[in-house]
Amino acid sequence: MTVAASLEAPERHRLGSPGLRRVNLALFAAGLTTFMSLYCTQALLPELSESFGVSPARSSLLVSLATGAVAIAVIPVSSLSERYGRTRVMIVSSVASALVGLLIPLCGSFTALAAVRAVQGLALAGVPAVAMAYLADEVHGEHLGSAMGRYVAGTGIGGVLGRIVPGLVTDFAGWRWALAATGFLALAFTIAFWLLLPPSRFFRPARVDYRPLLTHLRDPGLRRLYLIALTAMAGFVTVYNFLTYRLLDAPFHLPYAVVSLIAVMNIAGSAASARAGILADRSGRRRVLLGSLVLAAAGLCLTLPAVLPLVGIGLLVFTVGFFGTHAVASGWVGRRASTARAQASALYLFAYYLGSSIGGTAGGVAYEHGHWTGTALYVLVLLGVALLAGAGMRSARCVGRRSF
């Protein structure tokens with residue numbers, strides 16, 4: 001290669017560059033639209049249960065079908081991105097999910113609504129399955145953690161908007177207009193994502209091949225990161241599922257409207273994930289990962305006494321710790337995988353959503369048998385497993401692989 005050619009060769013996006021600013025804004029918008037759509041029915045489950053005359057357990061399928069579909073689709077969709085390109089798969093996925101979301105308010109039966117939610121989950125999978133691989137391809141390694149943290153921040157805020165916007169609109173316009181408003185807002189963020197996303201410059205098409213999945217699973221470091229995703233998300237979902245029951249019950253007896261606002265804690269978590277990514281770039285991923293898990297465990301312990309201010313502070317600290325853990329672990333997957341990064345990230349997300357579905361259900365068993373104390377102990381065990389997995393990351397590094 002000539003000197004002139006080498007000077008003209010593109011460079012990965014660095015901190016302060018216009019390209020990285022566009023990447024951060026685009027992926028932040030992608031996180032917003034994806035998680036708004038994923039959780040838009042969660043706050044409306046009692047309303048939907050009454051409207052369609054179904055039990056609360058059946059109504060909850062409107063959330064679990066979407067998240068389950070994402071878990072099923074992330075691996076095949078990530079493989080498609082290795083062949084057809086990161087940006088193409090993410091844009092098609094986000095546009096498709098936004099358009100499907102506009103059909104939700106038109107559903108006339110619970111069965112139709114559940115089917116549309118499952119289809120929406122399948123469509124949504126392309127963004128989370130590919131976003132981490134896109135960032136690992138296009139962002140300089142020194143700044144990958146901060147870029148991943150900002151994407152995770154977008155997902156957290158999207159989850160908050162997906163719960164709050166429908167809840168507010170339902171009070172004066174009904175659930176159909178609530179979901180319509182959420183759908184149009186998600187479409188607006190999708191358009192922003194489409195317009196802002198820089199094209200891939202370092203992606204090289206490869207034949208669709210599932211053999212790299214086995215390669216990733218043989219990597220002890222990646223297996224540890226997948227275990228962290230599964231256990232940390234299982235604990236997070238358990239806390240947010242069942243702390244609601246505790247706050248509605250004695251001795252707190254809080255109104256339902258007040259209890260539903262605990263989702264706002266995710267905003268602090270989103271800010272923490274961006275900060276955790278920056279700290280990981282500066283101080284080391286392992287140190288920040290372990291610190292985040294310890295922080296989550298400490299926050300959970302604060303929720304044990306029946307003192308409302310302590311419960312609130314504990315939930316805030318726990319949420320910050322979880323988001324920090326997720327930001328560092330997800331970014332580490334893209335950095336560690338030297339090939340087929342989309343598939344490596346997809347395995348992480350599969351474990352993440354598997355933890356959400358299975359771990360959250362197991363948390364319900366803990367709550368039924370041990371109330372909040374039993375639930376907190378269950379989550380502490382999960383965090384302990386994640387902490388052990390994170391502590392072993394150094395020994396899991398392959399010989400000759402770059403230290404991080």
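## Close-up views of a predicted helical model

**Figure 1. Helix α16 agrees with its expected span.** The 29 residues of helix α16 (residues 308–336) should span 42 Å at 1.5 Å a residue, and the end C-alpha atoms are indeed 42 Å apart, so the two values agree. The helix belongs to a predicted model. Helix α16 is mostly covered, with 21 of its 29 residues buried.

**Figure 2. The whole protein contains helices and no strands.** The protein has 17 helices and zero strands. Of its 404 residues, 56% count as buried. Among contacts with a separation of 6 or more, 82% join residues that are 24 or more positions apart. The accessible surface of the protein comes to about 16700 Å², and 68% of this surface belongs to carbon and sulfur atoms.

**Figure 3. Helix α15 and its buried residues.** Helix α15 (residues 285–302) consists of 18 residues. From first C-alpha to last, helix α15 reaches 26 Å, close to the 26 Å expected at 1.5 Å a residue. Its buried residues are Arg-285, Val-288, Leu-289, Leu-290, Ser-292, Leu-293, Ala-296, Ala-297, Gly-299 and Leu-300. As background, an α-helix has 3.6 residues a turn, so residues three or four places apart point the same way.

**Figure 4. An aromatic pair joins helices α3 and α7.** Nine aromatic pairs are present in the structure. In one of them, Phe-52 and Phe-110 meet edge-to-face, with 6.2 Å from centre to centre and 65° between the planes. Phe-52 lies in helix α3 (residues 45–52) and Phe-110 in helix α7 (residues 110–124), so this pair ties together parts that are 58 residues apart in sequence. Phe-52 has a relative accessible area of 18%; because buried means under 20%, Phe-52 counts as buried. Phe-110 is also buried, with a relative accessible area of 6%.

**Figure 5. A stacked tyrosine pair within helix α17.** Tyr-348 and Tyr-352 form a stacked aromatic pair, with 6.4 Å from centre to centre and 20° between the planes. Both tyrosines lie in helix α17 (residues 341–391), where four residues, about one turn of the helix, separate them in sequence. Tyr-348 and Tyr-352 are both buried.

**Figure 6. A cluster of aromatic rings.** Five residues appear in this view: Phe-236, Tyr-240, Phe-318, Phe-322 and Phe-323. Ring pairs link these residues into a cluster.

**Figure 7. The surroundings of Gln-120.** Gln-120 lies in helix α7, the helix that also holds Phe-110. With a relative accessibility of 2%, Gln-120 counts as buried. The side chain of Gln-120 reaches the backbone oxygen of Ser-97 at 3.5 Å. Leaving aside residues up to four places away in sequence, Gln-120 touches Ser-37, Ser-97, Val-100, Gly-101 and Ile-104. Ser-97 therefore appears both as a residue that Gln-120 touches and as the residue whose backbone oxygen its side chain reaches.

**Figure 8. Two cysteines in a structure without disulfides.** A disulfide is a covalent bond between the sulfur atoms of two cysteines. A search of the whole structure finds zero disulfides. Cys-40 counts as buried, at 5% relative accessibility. Cys-301, in contrast, is partly exposed, with a relative accessible area of 39%.

Technical notes
Residues are numbered from 1 along each chain as its sequence is written. This is a predicted model: local features need pLDDT of at least 70, side-chain atom pairs count only at pLDDT 80 or more; totals for chains, interfaces and linings use all residues. Side-chain values use heavy atoms; hydrogens and water are left out. Rings of Phe, Tyr and Trp (its six-membered ring) pair if their centres lie within 6.5 Å; planes under 30 degrees apart count as stacked, over 60 as edge-to-face and the rest as tilted. Helices (H or I, at least four residues) and strands (E, at least two) are DSSP runs, numbered from the N terminus. Buried means under 20% relative accessible area, exposed over 50%, partly exposed in between (1.4 Å probe, protein chains only). A polar contact is a pair of N or O atoms within 3.5 Å; within protein, one must be able to donate a hydrogen and the other to accept it, and residues adjacent in sequence count only if both atoms are side-chain atoms. Contact means heavy atoms within 4.5 Å. The expected span of a helix is 1.5 Å times one less than its number of residues. Accessible areas come from the Shrake-Rupley method with a 1.4 Å probe; for residues, only the protein chains shown count as cover. A disulfide is a pair of cysteine sulfur atoms within 2.5 Å.
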